[in-house]
Amino acid sequence: MPGQWTKVARADDVAPGTSIAVELPQASLAVCNVDGQFYAVENLCTHDDGPLGEGALDGFRIQCPRHLAYFDVRNGKALTLPAVMDVDCFPVRVQDGDVEVEL
């Protein structure tokens with residue numbers, strides 16, 4: 001069963017090459033803008049619960065600011081140690097300038 005689309009930001013609020021942390025009742029997300037394409041992943045590093053939304057975005061890779069593990073924002077895959085478990089990813093769309101995530 002499909003989830004509900006929820007507005008998480010205005011597209012203008014997330015500059016290309018950056019990410020923001022978004023706290024919702026259902027989830028904590030890192031919303032990322034890679035060259036105008038938006039992605040949303042769980043905001044907690046699977047290694048030590050670091051806030052991914054505060055990490056550096058390098059192309060499709062977001063870095064945990066605590067222990068520097070990288071994750072792919074397209075699919076949530078853990079790319080480097082010390083993280084070995086993937087983070088959850090969420091479908092994203094832009095409607096009338098609003099970034100929406102399917103939860």
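**Cysteines, strands and a few unusual residues**

C89 turns out to be partly exposed, with a relative accessible area of 29%. That value sits between the two cut-offs, since buried means under 20% and exposed means over 50%. The model looked at here is a predicted one.

C64 gives another picture: this cysteine is buried, at a relative accessible area of just 2%. Where is the closest cysteine sulfur to that of C64? The sulfur belongs to C45 and lies 3.9 Å from the sulfur of C64, which is too far for a bond. C89 is not in a disulfide either, and the nearest cysteine sulfur to C89, in C32, is 9.2 Å away. A disulfide needs two cysteine sulfur atoms within 2.5 Å, and a search through the whole structure comes up with 0 of them.

On to the sheets. One open sheet is built from 4 strands in the order β2-β3-β4-β8, with antiparallel pairing. Its edge strands are β2, covering residues 18-23, and β8, and each of these pairs on one side only. Between β2 and β3, which run antiparallel, there are 6 bridges. For a spot to look at in the 3D view, V22 stands opposite L29 of β3.

Between β3 (28-34) and β4 (37-42) there is a loop, and D35 is found in that loop. The phi angle of D35 is near 50°, so here is a positive value in a residue other than glycine. D35 is also exposed, because its relative accessible area of 75% is over the 50% cut-off.

A second open sheet has 3 strands, ordered β5-β6-β7 and again paired in the antiparallel sense. Which strands stand at the edges of this sheet? They are β5 (57-58) and β7 (70-72); each has a single partner strand, so one side of each has no neighbour in the sheet. β6 and β7 pair antiparallel over 3 bridges, and I62 stands opposite F71 in β7.

Strand β6 spans residues 61-63 and includes Q63. Q63 counts as buried because its relative accessible area is 16%, under the 20% cut-off. What do the polar atoms of the Q63 side chain lie close enough to count as partners? One of them is 3.4 Å from the backbone oxygen of L68. The side chain of Q63 also makes a polar contact of 3.5 Å with the side chain of Y70. Once neighbours within four places in sequence are set aside, Q63 is in contact with L52, G55, A56, L68, A69 and Y70. L68 and Y70 thus turn up in this list as well as in the polar pairs, L68 through its backbone oxygen and Y70 through its side chain.

Further along comes P82, in the loop between β7 and β8 (89-90). The peptide bond leading from L81 to P82 is cis, and its omega is near 10°.

The last stop is the pair β9 and β10, which are joined in the antiparallel sense over 4 bridges. Within this pair, V92 stands opposite V101 in β10. The two strands form a hairpin with 2 residues between them, and in this hairpin D96 takes a positive phi near 50°. D96 lies in the loop between β9 (92-95) and β10. Buried or exposed? D96 counts as exposed, because its relative accessibility is 75%.

E102 also belongs here, as its place is in strand β10, residues 98-102. This charged residue is buried yet has no salt bridge: R93, the nearest side chain of opposite charge, is 7.6 Å away. A salt bridge would need a side-chain nitrogen of Lys or Arg within 4 Å of a carboxyl oxygen of Asp or Glu. What does the side chain of E102 reach? It gets to the backbone nitrogen of G3, at 3.1 Å. Leaving out neighbours within four places in sequence, the contacts of E102 are P2, G3, Q4, W5, F90 and P91.

Notes
Residues numbered from 1 in each chain as written. Predicted model: local features only at pLDDT ≥ 70, side-chain atom pairs only at ≥ 80, totals over all residues. Heavy atoms only, no water. Buried < 20%, exposed > 50% of the residue type's maximum accessible area, 1.4 Å probe, protein only. Polar contact = N/O pair within 3.5 Å; in protein donor to acceptor, adjacent residues only side chain to side chain. Contact = heavy atoms within 4.5 Å. Pairing = 2+ DSSP bridges. Lys, Arg positive; Asp, Glu negative; His and termini not counted.
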